[in-house]
Amino acid sequence: MSEKIKLGRPAGFFDVFERRPGAIKKNMHYCPGCGHGVLHKLIAEAIADLGITHRVVLAAPVGCAVFAYYYFKCRSIQCAHGRAPAVATGLTRSNPDDVIISYQGDGDLASIGFNHILQAANRGENMTVFFVNNAIYGMTGGQMAPTTLPGQKTQTSPLGRDVLETGYPIRVCEMISQFDAPVYVERCALTSFKNIMAARRAVRKALQNSMDKKGFSLVEFLSGCPVNLKMNAHDMSEFIETKMTKFFPLGVYLDRAAEREPIVRAEMNYDADKIKSLLYPEEIQSELGDYKCSSPVFDKECRVKISGFGGQGVLSLGYILAILGKQRNFNVSWLPSYGPEMRGGTANCSVVFSKSHIGSPEAAENCDMLVCMNQPSVEKFLPILKAGGVLVYDSSTVKLPEGAAKDHYVYGLPASDLANHLGDLRAANTVMLGAIAAVMADNFLDDADKANLDTAMIEAVREMFAKKAKAADINIEAYKTGKEKIEFKSVPKA
Amino acid sequence: METKPKKTFRCDIAFDECKGCSRCVEACPRSLLKLGDAINMMGFPAAVYAGEGCIGCGACYYSCPEPGAITIVEITED
Ligand SMILES: Cc1ncc(C[n+]2csc(CCOP(=O)(O)OP(=O)(O)O)c2C)c(N)n1
Ligand code: SF4
Ligand code: SF4
Ligand code: SF4
Ligand SMILES: [Mg+2]
């Protein structure tokens, strides 16, 4: 006579649950009769039989299965509520050969994280979702879930779920199977032996799809929470089979893995140096060392408003000034403001320099300098230029109205025309930068700063156009042109 | 004439790993399981097997939520 174990503790479980605190190390934490336990056994058996314990990564939910990572002989991550599909997306994208399981309850999946599951399904992420629908928030003590049946009493629907107030149960399989990307969707019930065997096949099929990189599979399990529903084993299964299946019919909703090719995505780039060089342009070694401007005008905020049409480069012009400030160890802020359109609308930015604090980054009033590259900008922003402030405008696009800017120092130059002559209209903003440099030298800077101004400006332009040496050269030429061609127009009349 | 060796089955219940939920009791097609009188270390009345008649169908095993509460043993007589 010989004996052998036909069915015993599944090999996909740890033999002893060392991670589980307390004295009980052989059992899971679930209540007696819990559907999570039934499903855990099917999964543990499957990952062992399929030989994939080393390939599986389990994204565990918030809900009663929060501690799923105590139990399975695989890698696991416990995710924020409803976010397991997002974590699983990261996992499968970075390790496409792994078999990723997103394990979720109905509150987790169909309530707090609903958009995550829909988007992951619609992207066809290569993952297996095991979705436990027990029609209740189990972990928190039996509140109504999105899947709670009409009329079902819960802690938060003591008179029964009122569909007028809280809507109808959400049918996840039906929704997911409408998408084009998913390959396999089935609803099972962890009730009778026959139904559990169907669930067992579904678990394996979904995992096989993930192993074969066929994309997104979801299996929903109608499952018992006998404690919160206050039912014995018999009534619990009867409730699921007679009441729940009415709303949530069992069956295969989608099965097209066989028609699909394995997913091949572009390889991930883990080259840290390359990523760093893309994110952070090389620091330019400054000829000026760590020279700091000494002009007293920067002791407090110096506020500049730059305005024009979107597409004229007013935002980049401000940005170059901000780089200058950063390179010269100022505090500096750059605040762009533009309409929804990319080109044609108006755009402006505020740049504020200071050796001390910067209050508001928005140059909304009391500006020291206003740079206008189109006519509407003059009308809009002249009122915020303080008396004695400096106006610089592009005379190819702006006609200064008679008597305007009588309280200000006014400079102009045909920046757009000059840029056009240089062969690139896009350089109008750096022509303007040259003009700004000349104006700053005239009005704001002491001798030391004047002497270093060109080097500082050109280094700022070079940083702006790092890796685009040709563009940098054109723009430096434009800068020099602007600085040379600037014309002084008038001083304050008062 | 050669006869196939006779196979029988047994349902072993790990007394201290059963939570007394009755799912196996409900599942057994031959009604061979019931909850016993003895309370185990977790505080539950563990299920007990009638002692004979098991056909090794696995209904109790797959219905049971506990990892190691039920083991189905296959016995081959020579
Ligand atoms: C961000 C956040 N919101 C809310 C909670 C509270 N919370 C914990 S579990 C849970 C519901 C879980 O229900 P379900 O996903 O159905 O899991 P079950 O316990 O029923 O398996 C909620 C709302 C939380 N932990 N974190
Ligand atoms: S509360 Fe419900 S879902 Fe949670 S462990 Fe208990 S039976 Fe399972
Ligand atoms: S294996 Fe089948 S026959 Fe044997 S005890 Fe379990 S349910 Fe009953
Ligand atoms: S199903 Fe498992 S836990 Fe429940 S009574 Fe039977 S052996 Fe015990
Ligand atoms: Mg739930």
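**Stop 1: a sheet built from two chains**

Start by selecting strand E1 of chain A along with strands E4 and E1 of chain B: in this predicted model, these three strands make an open sheet, in the order E1(A)-E4(B)-E1(B), with antiparallel pairing. Which strands stand at the edges? They are E1 of chain A (2-7) and E1 of chain B (6-13); each has a single partner strand, so one side of each is left without a neighbour in the sheet. Turn the view a bit and look for the twist, which averages 30 degrees from one strand to the next.

Now zoom in on the place where the two chains meet. E1(A) runs antiparallel to strand E4 of chain B (residues 70-77), and five bridges join them. Want to find them by residue? Click A:Ser2, and opposite you'll see B:Thr76 in E4(B). Then try A:Glu3, whose bridge partner in E4(B) is B:Ile75.

Hop over to the other side of E4(B). Here E1(B) and E4(B) pair over eight bridges, again in the antiparallel sense. Pick B:Phe9 and you'll find B:Glu74 of E4(B) standing opposite. How much of E4(B) is covered? Seven of its eight residues are buried, so call it mostly covered.

While you have these strands on screen, here's a handy rule to keep in mind: in a regular strand, side chains alternate between the two faces of the sheet.

**Stop 2: the rest of chain B**

Show chain B by itself. Counting along, you should get two helices and four strands. Colour by position from the N terminus and follow the elements: they run β-α-β-β-α-β. Taken along the principal axes, the C-alpha atoms of this chain fill a box of roughly 55 × 20 × 20 Å. Of the 78 residues in chain B, 51% are buried.

**Stop 3: two ligands and their shells**

Select ligand 4 next. Around it sit 13 residues, and the ones that come nearest are B:Cys18, B:Lys19, B:Cys21, B:Cys24 and B:Cys64. By class, this shell has eight nonpolar, two polar and three charged residues.

Then move to ligand 3. Which residues are around it? Plenty of cysteines, for a start: B:Cys11, B:Cys28, B:Cys54, B:Cys57 and B:Cys60 are among them. You'll also spot B:Pro29, B:Ile55, B:Gly56, B:Gly58, B:Ala59 and B:Ile72. The shell of ligand 3 divides into nine nonpolar residues, two polar and no charged.

**Stop 4: a magnesium ion**

Over to ligand 5, the magnesium ion. What coordinates it? Look for A:Asp106 (OD), A:Asn134 (OD1) and A:Ile136 (O), at 2.1 Å. The spacing of these donor residues in sequence is D-x27-N-x1-I. A:Asp106 and A:Asn134 link distant parts of the chain, being 28 residues apart. A:Asp106 belongs to helix H3 (residues 106-112) of chain A, while A:Asn134 lies in the loop between strand E5 (127-133) and helix H5 (163-166). Are these two residues buried or exposed? A:Asp106 is buried, and A:Asn134 is too.

**Stop 5: chain A, zoomed out**

Step back and give the two parts of chain A separate colours: domain 1 covers 35-255, and domain 2 covers 296-490. Taken over C-alpha atoms, the centres of these domains are 58 Å apart.

**Stop 6: a seven-stranded sheet**

Stay with chain A and select strands E9 to E15. Seven strands form an open sheet here, in the order E10-E11-E9-E12-E13-E14-E15, and the pairing is mixed. Strands E10 (331-338) and E15 (487-490) stand at the edges, each with a single partner strand, so one side of each has no neighbour in the sheet. The twist averages 20 degrees from one strand to the next.

For a closer look, pick strand E9 (residues 302-309) and strand E11 (residues 346-354): they run antiparallel, joined by eight bridges. Click A:Val304 and find A:Val351 of E11(A) opposite.

**Last stop: one lysine**

Finish at A:Lys450, which lies in helix H14 (residues 447-464) of chain A. Why is A:Lys450 called partly exposed? Because its relative accessible area is 37%, and the "partly exposed" range runs between 20% and 50%. For a final distance, draw a line from the C-alpha atom of A:Lys450 to the one of A:Gly423: the two residues are 27 apart along the chain, and those atoms are separated by 29 Å.

Definitions and conventions. Residues are numbered from 1 along each chain as its sequence is written. Chains are lettered from A and ligands numbered from 1 in the order in which they are written. This is a predicted model: local features need pLDDT of at least 70, side-chain atom pairs count only at pLDDT 80 or more; totals for chains, interfaces and linings use all residues. Side-chain values use heavy atoms; hydrogens and water are left out. Donors are N, O and S atoms within 2.8 Å of the metal (3.2 Å for Na, K and Ca); water is not among the atoms, so sites may look incomplete. Buried means under 20% relative accessible area, exposed over 50%, partly exposed in between (1.4 Å probe, protein chains only). A residue is near a molecule or strand if one of its heavy atoms lies within 4 Å of it. Ala, Val, Leu, Ile, Met, Phe, Trp, Tyr, Cys and Pro count as nonpolar, Asp, Glu, Lys and Arg as charged, and the others, Gly among them, as polar. Domain bounds come from an automatic or database domain assignment. Two strands pair if DSSP finds at least two bridges between them. Axes are lines fitted to C-alpha atoms, for helices over the stretch in contact, and angles run from 0 to 180 degrees between N-to-C directions.
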